[in-house]
Amino acid sequence: QVRLVESGGGAVQPGGSLRLSCAPSGRIFSINIMGWYRQTPGKERELVATITSGGSTNYADSVKDRFTISRINAENTVYLQMNDLKPDDTAVYYCNVEGYYTGTHYRTDAIWGQGTQVTVSS
C-alpha cells in the first residue's frame, strides 16, 4: 500500500517557524497535485496549500503571506515552510496527493498521510 510520510511538526512559540516535509512510500508515480491540509478537534479538515507538478500554487487566505509550499518532483517530496506561526495554526497537518499513476492505472482520488502535530503556544 502507498503511504505518505510527514515530518517536521513540533511545538513552537507564536512568531516561530517550522518546515514540514512529506514523501510517499510505496508504489506511486507521476503525482499531479501535492498539498497540505490541517485539522483541529471538532473541525473539518481544511486546505492550507497545494502545488501542481508544474509549480502552480494555491494558499488558504489565512496563511497566504506566511507559508510557502514547494516540491521536488524527482523525489515526489513536498514541503511547507511556515513562518510567523500563530496559535490558530495549531493543528494536525496532513500531506495529500491527488492525481497519480500507480504503475497500472492513473488515479484521480486522494491519498492522505497520518499527520504531524503542530502546536503554537506561549
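**Reasoning through a predicted model**

Me: This is a predicted model. Why is Asp84 called partly exposed?
Reply: Its relative accessibility is 38%. Buried needs a value under 20%, and exposed needs one over 50%. Asp84, at 38%, falls in between, so Asp84 counts as partly exposed.

Me: Where does Asp84 lie?
Reply: In the loop between E8 and strand E9 (91-101).

Me: What makes the phi of Asp84 worth a look?
Reply: Most residues other than glycine have a negative phi. Asp84 is not a glycine, yet its phi is positive, near 50°.

Me: Which residue in the loop between strand E7 (67-72) and strand E8 (77-82) has a positive phi?
Reply: Asn76 lies in that loop. The phi of Asn76 is about 55°, although Asn76 is not a glycine.

Me: Why does Asn76 count as buried or exposed?
Reply: The relative accessibility of Asn76 is 12%. The cut-off for buried is under 20%. The value meets it, so Asn76 is buried.

Me: How do you know that Cys22 and Cys95 form a disulfide?
Reply: The S to S distance is 2.0 Å. The rule asks for two cysteine sulfur atoms within 2.5 Å. The pair passes, so it is a disulfide. The count by this rule is one.

Me: What parts of the chain does the pair link?
Reply: Distant ones. Cys22 is in strand E3 (residues 18-25) and Cys95 is in strand E9, 73 residues apart. Both cysteines are buried.

Me: Why is the disulfide of Cys22 and Cys95 called left-handed?
Reply: Because the torsion about its S-S bond is about -85°.

Key:
Residues numbered from 1 in each chain as written. Predicted model: local features only at pLDDT ≥ 70, side-chain atom pairs only at ≥ 80, totals over all residues. Heavy atoms only, no water. Helix = DSSP H or I, 4+ residues; strand = E, 2+ residues; numbered from the N terminus. Buried < 20%, exposed > 50% of the residue type's maximum accessible area, 1.4 Å probe, protein only.
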